[in-house]
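Biologist: Please put the model on screen. I have some questions about its packing and its empty spaces.

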Amino acid sequence: MAAELARLLPGTETGSFTGEDAGSSALAAAAGRPLVAVVRDEHRHPWMTAALDTLLASRPDTVVVEMGVPQSAPRGALHIATHGAARVCGRAAAEVIAGA
């Protein structure tokens, strides 16, 4: 999805964050810019849920994209559930975010 979003919104920066400090690391990396959090099967990974909790507590304007099977309640300023992680799913989510 990152490549598709960067194609539609030049200047987009991306990063991968995992583990206990993922939320804090993502917040620091996105300082002063819009934030899109892309997750996959968040309900299966406690660290991912904790990271989203951290992100959304500080940045309720975060866009959350669930690339897997959505089982958790939608959250974020915009929540997009793609029901899959194929490239076309990422492209569709990026188009929604970019308003294309």
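Biologist: Which helix gives the most to the largest nonpolar core?

Modeller: This is a predicted model. Its largest nonpolar core has 11 residues, including Ala26, Leu35, Ala37, Met48, Leu52 and Val64. H2, S1 and H3 each supply at least two residues of this core. The top contributor, with four residues, is H3.

Biologist: How many residues are in the second, separate core?

Modeller: Val65 and Met67 belong to this second core. Ile80 and Cys89 are also included. The total is six residues.

Biologist: Which residues is Met48 in contact with, leaving aside its neighbours within four places in sequence?

Modeller: Met48 is a member of the largest nonpolar core. So is Val39. With contact meaning heavy atoms within 4.5 Å, and sequence neighbours within four places left aside, the partners of Met48 are Val39, Arg40 and Glu42.

Biologist: Why are the buried residues of H2 on the same side of the helix?

Modeller: Helix H2 runs over residues 22-29, and its buried residues are Ala22, Gly23, Ala26 and Leu27. They lie on the same side of H2 because they cover an arc of only 130° around the axis. In an α-helix there are 3.6 residues a turn, so residues three or four places apart point the same way. The value to keep for H2 is that arc of only 130°.

Biologist: Which helix do the buried residues of H2 pack against?

Modeller: Two of those buried residues are Ala26 and Leu27. Both are also in the largest nonpolar core. The packing partner, at residues 46-58, is helix H3.

Biologist: Which element supplies the largest share of the lining of the largest pocket?

Modeller: About 930 Å³ of space lies in this pocket, and 32 residues line it. H1 (2-8), H2, S1 (36-39) and H3 each supply at least two of them. The largest share is five residues, from H3.

Biologist: Which residues lie nearest the centre of the largest pocket?

Modeller: By class, the lining has 23 nonpolar, six polar and three charged residues. Nearest the centre are Thr14, Gly15, Val36, Ala37 and Val38.

Biologist: What is the volume of the largest cavity?

Modeller: The structure holds one cavity of 30 Å³ or more. Among its lining residues are Val39, Glu42, Leu52, Val64, Arg75 and His79. The lining counts five nonpolar, three polar and three charged residues. The volume is about 60 Å³.

Note on methods: Residues numbered from 1 in each chain as written. Predicted model: local features only at pLDDT ≥ 70, side-chain atom pairs only at ≥ 80, totals over all residues. Heavy atoms only, no water. Buried < 20%, exposed > 50% of the residue type's maximum accessible area, 1.4 Å probe, protein only. Arc of directions from axis to C-beta. 1 Å grid on protein atoms, 1.4 Å probe; cavity = no way out; pocket = protein on both sides within 12 Å on 5 of 7 lines; lining within 4 Å. Points joined across faces, edges and corners; volume = space filled by probe spheres on them. Nonpolar A, V, L, I, M, F, W, Y, C, P; charged D, E, K, R; others polar. Core = buried A, V, L, I, M, F, W, Y, C linked by side-chain atoms within 4.5 Å.
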